[in-house]
Amino acid sequence: MIPYGTQSIDQNDIDAVVAALQSDFLTQGPVLPRFESALAERVEARFAVAVNSATSALHLSCLALGLGEGDWLWTSPNTFVASANVGKLCGAKVDFVDIDLDTGLMSMDALEQKLVQANKDSRMPKIVMPVHFAGQSCDMQRLHQLGQQYGFYIIEDASHAIGASYFGRPVGACQFSDVTVFSFHPVKILTTGEGGVATSNQPGLVETMRLLRSHGVTRDRSQMTEPVDETPWGYQQVMLGLNYRMTELQAALGLSQLSKLEDFVQFRRQRVTHYQKKLSCLPVQSIVEHGQGRSAWHLFTLLFDDPGLRTSVFSRLRGKGVGVNVHYIPVHTQPFYRQFGFDWGDFPQAEDWYRRTLTLPLHPKLTFSQQQWVVDCLEEALA
Ligand SMILES: *Cc1c(COP(=O)(O)O)cnc(C)c1O
């Protein structure tokens, strides 16, 4: 089976992990801060906080922004469930904003309409979380302007988008947001096995996320809330935290992978161009790059006119060993979310997208001949 996504690990990655294994620290050592600095520098952010998954990074971001009971978090229905779940984990209410059908991204028109209504009903979101679907940035300038007008925080779920840019600056620079989150799950652009990172330019937020990452415990006297006895072993728990730490093995792998980010993205772009050329004469529409920046191309998705055809093509391709996939089942249609009153029909564009979309294999080990096979199988399935 040609998978839709997979990692690429070379000897440098292996050597880096082995060196971490042989060092004095398996966790809480010197590699993690090095990884964080290198990543922050690469995406032009002041700070990076590396954790054990993007889900954890999203959760910490929401906690640090004070999301809690009585608050609303809005996100896209065209995402992995984690984007919405972190709101629920904070005790907040979750709602969704429909998408645009050419990109799969949150529709800024739909957002604006929903904000106008929410303002009348006093149900304003505390946080809006756009999702940079398939690797390209949402319209962050417009989102930021709406954020200024209506007073909400912005967390970018950029799990798909490390290596992408937006109007010439890297996604992650947080020019138009409070926090940006990347995932290092093996199907994403870079991997640490499991892992994620939050970037931000706000020292206060970052300090809180670092405390929350490690039990809310500090040894730094300036963070302590009560006078300390003069004991050298003294630490204080100043808030309720978690253990979301990234290990030294993961950070070492991340640092090594980060040095190849540009190559990975270039490779994906080249493969996408090849797909676009080969598919131009077939009766399917491929996902559009909107021109406000460069996509990191985590996913290459198609849109069929006919949902039935999509489903039969899916089965035929799977039958031939082509690991096609579907991104995403709209989150609001999941049984867990339907118990809060959501149902099919609530976000028609996201549902239409879901019924008609298909993700083709795209990853750093995909060869031209495998790509040709994918295209041949698709052609045959459409004939
Ligand atoms: C992968 C993904 C996540 C979760 O990332 P993990 O690192 O697996 O926790 C969240 N949001 C989106 C959009 C993702 O694709």
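Let's start at Ile14, which sits in helix H1, residues 11-22. Before going further, please keep in mind that this is a predicted model. Is Ile14 buried or exposed, or something in between? Its relative accessibility is 38%, so Ile14 counts as partly exposed. Ile14 also has company: together with Ile9 and Val18, Ile14 forms a nonpolar patch on the surface. The accessible area of Ile9, Ile14 and Val18 together is about 210 Å².

While we are at this end of the chain, have a look at the charged residues too. Asp10, Asp13 and Lys260 are linked in a network of salt bridges.

That brings me to salt bridges in general. How many salt bridges does the count come to? The count comes to 15. I'll walk you through three pairs.

The pair I'd like you to find now is Glu44 and Arg169. Their side chains meet in a salt bridge, with 2.9 Å from N to O. Glu44 lies in the loop between helix H2 (31-43) and strand S1 (47-51), while Arg169 belongs to strand S7 (residues 169-170), so this pair ties together parts that are 125 residues apart in sequence. Are these two hidden away? Glu44 has a relative accessible area of 41%, so it is partly exposed. Arg169 is partly exposed as well, at 30%. Stay on Glu44 for a second, since its backbone has something to show you. Glu44 has a positive phi of about 60°, although Glu44 is not a glycine.

Next pair: Glu262 and Arg294. In this salt bridge, the closest N and O atoms are 2.9 Å apart. Glu262 is part of helix H9 (residues 261-279) and Arg294 is part of strand S13 (residues 293-294), so the pair ties together parts that are 32 residues apart in sequence. Which side of the buried cut-off does each partner fall on? Buried means under 20% relative accessible area. Arg294 has 18% relative accessibility, so Arg294 counts as buried. Glu262, at 33%, counts as partly exposed.

The last pair is Asp343 and Arg338, where the closest N and O atoms are 3.8 Å apart. Asp343 has 38% relative accessibility and counts as partly exposed. Arg338 is partly exposed too, with 36%.

Now let's turn to the strands. For anyone new to sheets, here is the background: strands of a sheet pair through backbone hydrogen bonds, either parallel or antiparallel. This structure gives us an example of each kind.

Here is the antiparallel one. An open sheet of 3 strands has the order S7-S6-S13, with antiparallel pairing. Which strands are at the edges? They are S7 and S13, and each of them pairs on one side only. If you zoom in on S6 (residues 165-166), 2 bridges join S6 to S7. Tyr166 has Arg169 in S7 as its bridge partner. You have met Arg169 already, as the salt-bridge partner of Glu44.

Between S6 and S7 there is a loop, and Phe167 lies in it. Phe167 has a positive phi of about 45°, although Phe167 is not a glycine. With 45% relative accessibility, Phe167 counts as partly exposed.

For the parallel example, please rotate to strand S2, residues 72-75. S2 and S3 run parallel and are joined by 4 bridges. One residue to pick out is Trp74, whose bridge partner in S3 is Asp95. What covers the two faces of S2, you may ask? I can at least tell you that both faces are covered: Trp72 and Trp74 on one side, and Leu73 and Thr75 on the other, are all buried.

If you follow the chain on from S3 (93-96), you enter the loop that leads to helix H5 (108-121), and there you find Thr103. Thr103 has 5% relative accessibility, so Thr103 counts as buried. What does Thr103 touch, leaving aside residues up to four places away in sequence? The answer is Phe133, Gln136, Ile287, Val288, His290 and Trp353. The side chain of Thr103 also reaches the backbone nitrogen of Leu105, at 3.2 Å.

One more stop before we finish. The peptide bond from His327 to Tyr328 is cis, with omega near 0°. To find the place, look for Tyr328 in the loop between helix H10 (307-319) and helix H11 (335-338).

Thanks for listening, everyone!

Technical notes:
Residues numbered from 1 in each chain as written. Predicted model: local features only at pLDDT ≥ 70, side-chain atom pairs only at ≥ 80, totals over all residues. Heavy atoms only, no water. Buried < 20%, exposed > 50% of the residue type's maximum accessible area, 1.4 Å probe, protein only. Polar contact = N/O pair within 3.5 Å; in protein donor to acceptor, adjacent residues only side chain to side chain. Contact = heavy atoms within 4.5 Å. Salt bridge = Lys/Arg side-chain N within 4 Å of Asp/Glu carboxyl O. Pairing = 2+ DSSP bridges. Patch = residues over 30% accessible without salt bridge, like charges linked within 9 Å, V, L, I, M, F, W, Y side chains within 5 Å. Areas by Shrake-Rupley, 256 points an atom, 1.4 Å probe, with all protein chains shown as cover.
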